[in-house]
Amino acid sequence: MRSYPSYGDILTMPGAIAPAPLAVKSATQAPVAIIDIGSNSVRLVVYDGAKRAPIPVFNEKVLCGLGRGLDSTGRLNPEGAKLALESLHRFAALTQAMGVSDIDAFATAAVREATDASDFVAVVERDCGFPVRVISGVEEARLSALGVLAEIPQANGIMGDLGGASLELAHLEGGTGDAQTSLPIGPLRIASGPGDPGGASASDSGRRMEDYLNQVDWLSAARGGTFYAVGGAWRSWARMHMRHVNYPLSIAHHYEISARSALEFAREIAALSPDALANFAGFPEERADSVPFANLVLKRLIEQTGVAAVLFSAYGVREGLIFDRLPDSLKSEDPLIAACRNLAAMTGRATADGEALYRWASPAFADETIEEARLRRAACLLADLEWSEHPDYRAEHALLRILRYPLIGVDHPGRAYMGLAVASRHAKVRDSLLERYLHGLLDGAEMHRAKAAGLAMRLAYTFSGGVISLLEQTALRREGNRLKLELPSHADVLVGNVVQSRFRSLAQELGCEARISLV
């Protein structure tokens with residue numbers, strides 16, 4: 001049996017961290033820990049609970065390279081295994097300190113293929129105190145697809161999850177994954193320099209990749225759809241592209257580009273020398289071995305599938321694990337609305353009621369699309385997001401926070417719409433902020449709609465003083481080009497100059513005449 005350092009040995013190593021005392025568990029929903037023992041990295045993500053839109057409260061990744069040289073040795077990389085064990089012991093101590101008892105640990109390609117994997121798993125389970133599931137390639141593909149569907153319920157196309165030693169693929173159609181496969185190709189199967197125990201050459205690996213992809217006969221079924229790219233190497237590629245085109249945001253999750261743009265950039269990257277690539281804006285040094293291979297695979301998949309767009313997703317197998325355990329009633333919830341409710345519950349005042357605010361303002365937006373109504377509803381849930389900030393900075397903070405918060409179920413233009421709406425609920429947003437952060441994300445008409453949504457929220461909060469239940473005594477109506485605010489006669493004391501001014505601003509943004517009526 002292969003020898004591994006014991007937990008006690010590791011805790012006495014220089015720089016090791018001993019387990020901290022148990023934390024007091026919150027009375028709210030219990031947190032959930034997912035430990036992902038991958039071929040390239042091991043990662044601990046602690047979520048605030050197993051729910052529709054779980055919030056990561058802790059996220060740590062260590063690049064170990066467990067699968068490096070797997071093809072030539074058939075065994076786990078010795079240095080990678082040592083680093084992985086050290087990291088997993090740390091994860092065990094951290095989860096204990098956090099009071100997390102719900103731990104789901106799983107291992108993927110390197111562990112399921114290595115001949116010495118059973119020894120490694122036995123040591124982890126003995127020393128860390130949690131079971132480790134070694135999942136099959138098809139199960140990994142299914143869970144990765146579920147992760148994408150949890151974030152994009154109506155995803156249609158091909159999901160690809162590129163890990164260190166395998167590529168999982170799934171065909172998504174009509175909100176389900178109807179075919180999955182796992183292919184033994186990945187950047188760690190390529191020899192990448194001195195010290196590696198071996199592996200295929202880049203050219204041999206490219207030919208082998210072609211052979212494996214040609215065996216997947218359903219790839220072309222997604223022609224004209226979207227390729228959903230999951231995995232750290234592809235997100236690094238996405239951030240490089242964002243820097244290349246001066247994209248206003250830096251969040252790779254849900255970044256979407258046309259297949260044509262992706263192919264053009266992939267060819268540009270492939271033509272660079274190693275030195276030129278290392279100096280490319282946004283190139284991640286820690287991904288030096290994986291990005292070139294990820295670029296090659298992405299290019300080939302786009303060409304073979306005939307997809308029209310590429311969307312990068314941070315949701316994958318870990319989120320799929322949580323989604324898979326939810327009851328159907330929770331799975332059917334809108335992920336964006338669930339995420340906004342979570343955030344509102346953490347940050348809003350007790351008197352806030354985003355759903356009531358949304359219903360009250362809806363008559364003024366009778367001509368909006370279903371998606372615009374959904375975004376406005378999400379924005380209303382977050383209307384009180386910045387209530388405790390200094391008034392001079394609420395608008396700016398609201399815009400930036402929504403643009404950067406880990407929301408799900410919304411694309412980047414949708415983020416921009418919501419951010420501008422909530423910012424406009426506080427104040428007029430400076431043109432310099434619009435140019436810097438929203439350029440190219442919203443057109444003029446969309447900006448007007450977002451501002452109008454924000455002005456409706458501003459009117460509601462001004463009239464009610466933040467006690468949204470007071471709106472039940474009033475009604476906002478739109479009749480042609482006339483916007484009416486109706487309220488009972490005894491409530492006229494609440495209609496001061498500021499309320500009238502903000503009502504006129506809303507009407508003007510909507511292109512309407514403003515009229516206040518006492519009934």
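In this predicted model, a good place to begin is a meeting of charge and ring, for the charged end of lysine 331 sits over the ring of phenylalanine 323, 5.6 Å from its centre. A second arrangement of this kind involves arginine 425, whose charged end sits over the ring of tyrosine 461, 3.9 Å from the centre of that ring.

From charges over rings we can turn to rings paired with rings. A pair of aromatic rings is described by the distance of the centres and the angle of the planes. When the whole structure is searched, six aromatic pairs are found. One of them joins phenylalanine 227 and tryptophan 234, with 5.5 Å from centre to centre and 85° between the planes, an arrangement that is edge-to-face. Phenylalanine 227 counts as buried because its relative accessibility is 0%, and tryptophan 234, with a relative accessible area of 0%, is buried as well. The rings of tyrosine 255 and phenylalanine 312 are placed in another way: their centres are 6.2 Å apart and their planes stand at 20°, so this pair is stacked. Tyrosine 255 belongs to strand E10 and phenylalanine 312 to strand E11, and the pair therefore links distant parts of the chain, 57 residues apart. Both tyrosine 255 and phenylalanine 312 are buried. These two residues also belong to a cluster linked by ring pairs, together with Trp237, Tyr247, Phe265 and Phe280.

The next step is to look at the spaces between the atoms. Rolling a probe the size of a water molecule over the atoms shows where empty space is left. The largest pocket holds about 640 Å³ of space, and among its 30 lining residues, Asn59, Arg235, His253, Ala314 and Pro406 lie nearest its centre. Strands E2 and E3 and helices H8, H12 and H14 each supply at least two residues of this lining, and H8 gives the most, with four residues. By character, the lining of the largest pocket divides into 15 nonpolar, five polar and ten charged residues.

The second largest pocket has a volume of about 350 Å³. Its lining has 20 residues, and the closest to its centre are Glu371, Arg374, Gly409, Val410 and Asp411. Helix H16 and helix H18 are the elements that give two or more residues to this lining, with H16 providing the largest share, four residues. Eight nonpolar, five polar and seven charged residues make up the lining of the second largest pocket. Where does the second largest pocket lie? Because domain 2 (138–320) and domain 3 (334–469) both give residues to its lining, the second largest pocket lies between them.

Notes: Residues numbered from 1 in each chain as written. Predicted model: local features only at pLDDT ≥ 70, side-chain atom pairs only at ≥ 80, totals over all residues. Heavy atoms only, no water. 1 Å grid on protein atoms, 1.4 Å probe; cavity = no way out; pocket = protein on both sides within 12 Å on 5 of 7 lines; lining within 4 Å. Points joined across faces, edges and corners; volume = space filled by probe spheres on them. Nonpolar A, V, L, I, M, F, W, Y, C, P; charged D, E, K, R; others polar. Domains from an automatic or database assignment. Phe/Tyr/Trp six-rings, centres within 6.5 Å; stacked < 30°, edge-to-face > 60°. Buried < 20%, exposed > 50% of the residue type's maximum accessible area, 1.4 Å probe, protein only. Lys NZ or Arg CZ within 6 Å of the ring centre and 35° of its normal.
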